[in-house]
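Hi,

Here is the structure I promised to pass on. Have a look at it first, and then read my notes below.

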Amino acid sequence: MSRMYARVFAIFWKDVLSEIRTKEIVTAVLVFALLVLVIFNFAFDPASGTTARIAPGILWVAFTFAGILGLNRVFAIEKENSSLAGLRLCPVDRMVIFWGKLAGSFTFMLVIAAVITPIFLVLFNLPLFLPRLALIIVLATLGFTSVGTLFSALAMNIRARDIMLPILFLPLVVPVIIGAVETTACVLAGGPWSDMLTWLEIMIAFDIIYLVVATLMFEFVIEE
Amino acid sequence: MNETGAGSGAWAIEVEGLGKSFGSHRALTGICLKVGRGEHVTVFGPNGAGKTSLIKILSTLMKPSAGTVCLDGSDISKVPSEVRRKIGLVAHQTFLYDDLTVYENLKFYGKMYDVPNLEEQIHNVVRWVRLEARLHDRVGTLSRGMQQRISIARAVIHNPSIVLLDEPEVGLDPHAIVMVREVLDSLSAGERTVVMTTHNLEQGIEMSDRVVILYKGRIVYQEHKDRIDIATFRETYDRYTESAK
């Protein structure tokens with residue numbers, strides 16, 4: 001078992017090293033997300049009473065569409081020099097490859113969320129210390145990247161992958177995004193845990209379903 | 001084949017009735033090939049003959065449509081992970097990551113194969129391909145020929161008993177071909193079983209114990225090197241190459 005984790009970590013670390021050197025995913029996604037936040041900040045008056053109602057939607061629109069940009073790049077690194085074939089040659093279960101790639105995309109998206117969320121809170125005059133929002137971000141990111149990593153692999157060999165990925169991916173990830181918007185609205189309005197419990201349970205259920213199904217499907221997606 | 005579907009184990013590679021179809025197109029039909037341990041076989045054939053499909057199936061990258069393939073007695077369809085430990089593949093793509101250094105690439109693949117004494121093995125293979133001086137350079141900064149030598153080092157980092165070479169010289173300049181050939185020659189000098197596809201007749205024959213010509217997905221010729229007259233072989237090969245045009 002420890003060997004399996006070591007291999008998952010090897011794939012994860014390889015992706016982190018590549019990203020540290022190229023900054024392809026984080027830079028593109030961060031710039032896009034920040035632009036969306038700034039544009040919405042000018043479109044809506046942060047001082048008005050509507051902020052608490054529209055802010056959750058703005059945060060998750062920025063996260064979702066910027067995230068798709070990043071997901072497009074998750075398997076691009078494996079396309080150069082046919083490195084995915086090199087991975088497929090290794091004597092490891094396909095699940096190990098999926099989890100390694102998932103760990104990378106999950107980490108990149110968390111880093112992006114860690115940067116854009118404080119900026120979002122400042123721009124919309126919201127309190128900075130919101131620990132419950134951190135939990136929502138982790139749950140939403142896990143569901144988002146579980147399906148996203150699978151579809152990124154699926155779209156890798158499609159000619160119009162930049163267009164196809166969102167078309168295939170967004171309808172599936174909608175329940176998690178709606179859950180994230182609803183729970184974020186509750187947190188920003190200062191509501192109690194009980195008000196967001198149902199949505200949290202839905203997000204956890206979808207995360208588990210996405211993780212299991214994506215893990216099982218991955219082998220069929222990457223085989224020739 | 002025995003009752004469990006595994007090969008007899010007497011051969012390094014046992015291929016029986018192998019077929020591969022892509023829709024209505026048959027890339028390989030009824031391939032039967034047995035390669036002994038330590039034997040070096042070169043597969044020639046015009047473009048589209050099915051050489052790459054054969055190598056992809058032998059390396060477990062592609063599933064056959066029909067027939068069985070056993071490597072060192074293990075059926076590739078039944079125990080693919082076990083088979084993958086025994087093979088190293090060098091293709092015209094390097095399977096390397098341009099943004100990682102030579103050392104990081106080899107360390108990554110070494111970990112994936114769970115190679116014991118990995119640090120020592122990395123230095124051994126890099127010394128073997130004569131690129132110790134570039135160990136900490138990013139792969140993307142190396143020439144195509146150097147990248148191919150690192151790709152060979154990657155393929156043998158786990159000391160496989162079978163090495164598959166799919167046109168390893170494609171895209172290399174003459175100087176790089178000489179350098180890569182030197183490495184491939186020393187690869188052939190060991191105890192490893194080698195199956196190579198190439199268009200280079202001289203090198204292919206020189207490196208092999210037996211040569212095979214694949215044409216339209218079928219083995220149409222195979223002969224031991226000792227019994228080959230190069231001029232006659234060239235005529236035979238040219239005949240198939242011309243008729244494939």
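**Notes on the sheet in chain B**

Leu89(B) sits opposite Leu164(B) of strand E7(B). Keep in mind that this is a predicted model. I started from that pair and worked outwards.

Leu89(B) lies within strand E6 of chain B, which covers residues 87–90 and pairs with E7(B) in the parallel sense over four bridges. Another match between these two strands is Gly88(B), whose bridge partner in E7(B) is Val163(B). E7(B) also pairs with strand E8 of chain B (residues 193–197), again in the parallel sense, this time over five bridges. On that side, Leu164(B) stands opposite Val195(B) of E8(B).

So how buried is E7(B)? Five of the five residues of this strand, residues 162–166, are buried, so it is largely enclosed by the rest of the structure. If you colour the side chains, you can follow the two faces: Ile162(B), Leu164(B) and Asp166(B) point one way, Val163(B) and Leu165(B) point the other way, and all of them are buried. Note that the buried set includes Asp166(B).

Zooming out, these strands belong to an open sheet of six in chain B, in the order E6-E7-E8-E3-E9-E10, with mixed pairing. At the edges are E6 and strand E10 (218–224) of chain B, each of which pairs on one side only. On average, neighbouring strands of this sheet are turned by 15° against each other, ignoring direction.

Helix H1 of chain B (residues 51–58) packs on the sheet and touches strand E3 (40–44), E7, E8 and strand E9 (210–215) of chain B. The direction of H1(B) makes about 150° with that of E7(B). Helix H5 of chain B, residues 144–156, lies across E6 and E7 of chain B and runs at about 165° to E6(B).

**One spot in chain A**

For something away from that sheet, try Arg159(A). You will find Arg159(A) in the loop between helix H7 (131–155) and helix H8 (161–188) of chain A. Is Arg159(A) buried or exposed? With 8 other C-beta atoms within 10 Å, Arg159(A) is exposed, because a residue counts as exposed at 12 or fewer. From Arg159(A) to Leu126(A), 33 residues apart along the chain, the C-alpha separation is 42 Å.

Cheers

Technical notes
Residues numbered from 1 in each chain as written. Chains lettered and ligands numbered in written order. Predicted model: local features only at pLDDT ≥ 70, side-chain atom pairs only at ≥ 80, totals over all residues. Buried ≥ 20, exposed ≤ 12 C-beta atoms within 10 Å, placed from the backbone. Pairing = 2+ DSSP bridges. Axes fitted to C-alpha atoms, helices over the stretch in contact; angles between N-to-C directions. Contact = placed C-beta atoms within 7 Å.
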